[in-house]
Amino acid sequence: MDLDHLFFDKNKPLRQSHKNLPHWDQDSKLQMITFHLADSLPKKSLEEVKKRRKELAQNKFNTEETKIRRYHLNNYVDRMADAGYGECIFRNKGICDIMENSILYFDEVRYNIHAYVIMPNHVHILLEIYEGESVEKIYDSIKRHVTTNINKYLGTKKKRLPTEPYDRLVRNEEHYLAAITYIYKNMESGGVRMNNFTRYGKGKIDQ
């Protein structure tokens, strides 16, 4: 499987956008996307994340320091999510089905999924985004479907997912394999459901 054409290409146009988080898109490239349930971080931790994001958005640091700080911030968010804070509603099979169906609905239409794992309170997806699509449009579609159907399932009216996800363009095969490994490690450390469509790994795992 030759994946080189799916990796970030510094010689091709790069679309950038920024709300609370920076986002980069390139047509027909691989992205690792992570998003959490709205209640997956304690209030104190959420305030700390907002503070650090604001500092990064103000460009107070040089490029290398910004990369390092963003890396540590992403790790911090992952550690907090892995701690299992909040309702962790993806442990409920019916709700996990809603999440999985939302991920798979546009597979091979707007994007091509390589692997994903659904944790009790967050999700990681490795996917190739088709030309003309973007992380923002794909995530907004998933978010609407998930929020509407989970609230219908539970009889509630809650914000279920944050405004935007974390995303990162896959740079090379080493980065790609690291993403696959990361997804498997998440499943082993308490994941609810996983699927891998690549030659690396075993396929669907459902606890």
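Guide: Buried means under 20% relative accessible area, exposed over 50%, and partly exposed in between, with a 1.4 Å probe and protein chains only as cover. By that rule, 47% of the 207 residues of the chain count as buried. This is a predicted model, in which local features need pLDDT of at least 70, side-chain atom pairs count only at pLDDT 80 or more, and totals for chains, interfaces and linings use all residues. Residues are numbered from 1 along each chain as its sequence is written, and side-chain values use heavy atoms, with hydrogens and water left out.

Visitor: Why is I118 called buried?
Guide: The relative accessibility of I118 is 0%, so this residue falls under the 20% limit and counts as buried. I118 lies in strand 4.

Visitor: How many helices and strands does the chain have, and in what order do they run?
Guide: Five helices and eight strands, where helices (H or I, at least four residues) and strands (E, at least two) are DSSP runs numbered from the N terminus. Read from that end, the order is β-β-β-α-α-α-β-β-α-β-α-β-β.

Visitor: What makes a group of residues a nonpolar core?
Guide: Such a core is a set of buried Ala, Val, Leu, Ile, Met, Phe, Trp, Tyr and Cys residues joined through side-chain atoms within 4.5 Å. The largest one here has 26 residues, and those with the most contacts inside it are F35, F90, M99, I103, I118, V123 and I125. At least two core residues come from each of strand 3 (29-36), helix 3 (93-104), strand 4 (111-118), strand 5 (122-129) and helix 4 (135-154). Helix 4 gives the most to this core, with six residues. There is also a second, separate core of 17 residues, which includes V170, Y176, I183 and M187.

Visitor: What does I118 touch, leaving aside neighbours within four places in sequence?
Guide: A contact means heavy atoms within 4.5 Å. On that basis I118 is in contact with F90, C96, M99, E100, I103, V123, G191, V192 and R193, once neighbours within four places are left aside. The C-alpha atoms of I118 and N186 are separated by 8.7 Å, with their positions 68 residues apart along the chain.

Visitor: Why does M99 count as buried, too?
Guide: M99 has 0% relative accessibility, so it meets the rule for a buried residue. M99 is found in helix 3. With neighbours up to four places away left out, M99 is in contact with F35, F90, I118, V123, I142 and V146. V123, under the same exclusion, touches I33, T34, F35, F90, M99, I103, V117 and I118.

Visitor: Which share of the contacts joins residues 24 or more positions apart?
Guide: Such pairs account for 65% of the contacts in the chain with a separation of 6 or more.

Visitor: What makes the phi of C88 worth a look?
Guide: C88 has a positive phi of about 50° although it is not a glycine. Most residues other than glycine have a negative phi. C88 lies in the loop between helix 2 and helix 3 and is buried, with a relative accessible area of 2%. E108, in the loop between helix 3 and strand 4, has a positive phi near 65°.

Visitor: Is E108 buried or exposed?
Guide: Its relative accessible area is 60%, which is over 50%, so E108 is exposed.

Visitor: And why is N92 called partly exposed?
Guide: N92 has a relative accessible area of 31%, which lies between the two limits, so N92 is partly exposed. This residue lies in the loop between helix 2 (63-82) and helix 3. N92 and V192 are 100 residues apart in sequence and 9.1 Å apart in space, C-alpha to C-alpha.

Visitor: What makes a space a cavity?
Guide: On a 1 Å grid over the protein atoms alone, a cavity is a set of points where a 1.4 Å probe fits but cannot get out, and lining residues have an atom within 4 Å of a point. Grid points are joined across faces, edges and corners, and the volume is the space filled by probe spheres set on the points. The count comes to one cavity of 30 Å³ or more, and about 40 Å³ of space lies in the largest cavity.

Visitor: Which residues line the largest cavity?
Guide: I33, F35, I125, L127, V135, I138, Y139 and I142. Helix 4 supplies the largest share, four residues.

Visitor: How do you know the class of these lining residues?
Guide: Ala, Val, Leu, Ile, Met, Phe, Trp, Tyr, Cys and Pro count as nonpolar, Asp, Glu, Lys and Arg as charged, and the others, Gly among them, as polar. The lining therefore has eight nonpolar, no polar and no charged residues.

Methods:
1 Å grid on protein atoms, 1.4 Å probe; cavity = no way out; pocket = protein on both sides within 12 Å on 5 of 7 lines; lining within 4 Å.
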